[in-house]
Amino acid sequence: MAASTDSTLSRAAPPALPVPPLQYDMAYASKFNNILRLFFAQIANSVSSLTGRNGGRFIDSPNGFFFDNADQAIATINVAQPVRFNQTYLNNAVTIDSATRLKLTATYSGVYNVQFTGQARSSTAGAKVLLVWLNLNGTNVGYSTREYTVVGSGVALALSWNFNIVILAGQYIQIMLAADSVDVRLDAVAATSPHPGIASAAVAVTFVSILPDPVPTTP
């Protein structure tokens with residue numbers, strides 16, 4: 001029978017069926033039936049593991065997690081700029097371009113959940129407004145913007161953003177950022193006892209489902 005571990009299912013290989021004789025042979029029929037019995041038992045065991053309690057652990061779904069361990073300054077006020085992710089933790093069929101570390105590409109079509117977190121830090125006393133939104137294949141996604149305000153010198157603000165979106169195979173997404181002041185940045189902090197380092201930005205891209213029918217128009 002197909003054995004399973006905590007994370008994988010053994011694959012049932014197609015059986016090598018013996019060449020049938022020209023005339024009916026009971027021994028051949030018995031051997032043939034036994035081969036098929038073992039093969040279907042392997043399939044049944046795998047299906048039982050997959051559909052049983054906690055069977056979802058065997059499903060390998062596209063996902064990626066990327067983060068950045070350096071500060072990211074606002075280059076120009078009120079001008080959109082993509083958020084960088086210079087480190088890769090997970091990249092299963094979700095990849096990032098190695099040259100700029102700005103574009104996240106899906107290998108397979110589907111509905112994906114995109115979760116972004118970041119830490120903004122102000123360097124002067126006044127209020128600063130930051131805007132975060134999603135861009136798909138070079139086009140801004142409608143109504144995907146979230147607004148944040150940080151006030152005070154040295155004050156940090158946690159950014160959190162979540163969106164479900166259809167991504168076709170080969171398309172890329174970018175997390176976009178704009179601010180009304182250069183006195184605010186995405187701020188990374190090195191590990192200091194008792195805490196580990198703080199990423200300036202992090203993004204998780206997770207496959208949710210196959211494409212709906214019909215495929216909706218992106219907002």
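User: In this predicted model, is Tyr-143 buried or exposed?

Analyst: Let's start with where to look: Tyr-143 sits in the loop between strand S9 (139–140) and strand S10 (146–151). Its relative accessible area is 85%, and the cut-off for exposed is over 50%. So Tyr-143 is exposed.

User: What is the phi of Tyr-143?

Analyst: Most residues other than glycine have a negative phi. Tyr-143 has a positive one. The value is near 55°.

User: Which residue in the loop between strand S5 (94–96) and strand S6 (104–106) has a phi near 60°? And is that residue buried or exposed?

Analyst: Here too we want a positive phi in a residue other than glycine. The one in this loop has a relative accessibility of 17%, and buried means under 20%, so this residue counts as buried. The name to look for is Arg-101.

User: How many salt bridges are there?

Analyst: A pair counts when a side-chain nitrogen of Lys or Arg is within 4 Å of a carboxyl oxygen of Asp or Glu. Arg-121 and Asp-187 fit, with their closest N and O atoms 2.6 Å apart. By this rule the count comes to four.

User: How many residues apart are Arg-185 and Asp-71?

Analyst: These two form a salt bridge, with the closest N and O atoms 3.5 Å apart. The pair links distant parts of the chain: Arg-185 is in strand S13, while Asp-71 is in the loop between strand S1 (63–68) and strand S2 (72–73). Along the chain they are 114 residues apart.

User: Why does Asp-187 count as buried?

Analyst: Asp-187 lies in the loop between S13 and S14 and forms salt bridges with Arg-121 and Arg-185. Its partner Arg-121 is buried as well, whereas Arg-185 is partly exposed at 26%. Buried means under 20%, and Asp-187 counts as buried because its relative accessibility is 3%.

User: Which residues are linked in a network of salt bridges?

Analyst: Follow the pairs: Asp-71 pairs with Arg-185, Arg-185 pairs with Asp-187, and Asp-187 pairs with Arg-121. The linked residues are Asp-71, Arg-121, Arg-185 and Asp-187.

User: Which peptide bond is cis with omega about 0°?

Analyst: Most peptide bonds are trans. The bond from Ser-193 to Pro-194 is cis, but its omega is near 10°. The one you're after involves a proline in the segment after S14, and it joins Asp-213 and Pro-214.

Note on methods. Residues numbered from 1 in each chain as written. Predicted model: local features only at pLDDT ≥ 70, side-chain atom pairs only at ≥ 80, totals over all residues. Heavy atoms only, no water. Helix = DSSP H or I, 4+ residues; strand = E, 2+ residues; numbered from the N terminus. Buried < 20%, exposed > 50% of the residue type's maximum accessible area, 1.4 Å probe, protein only.
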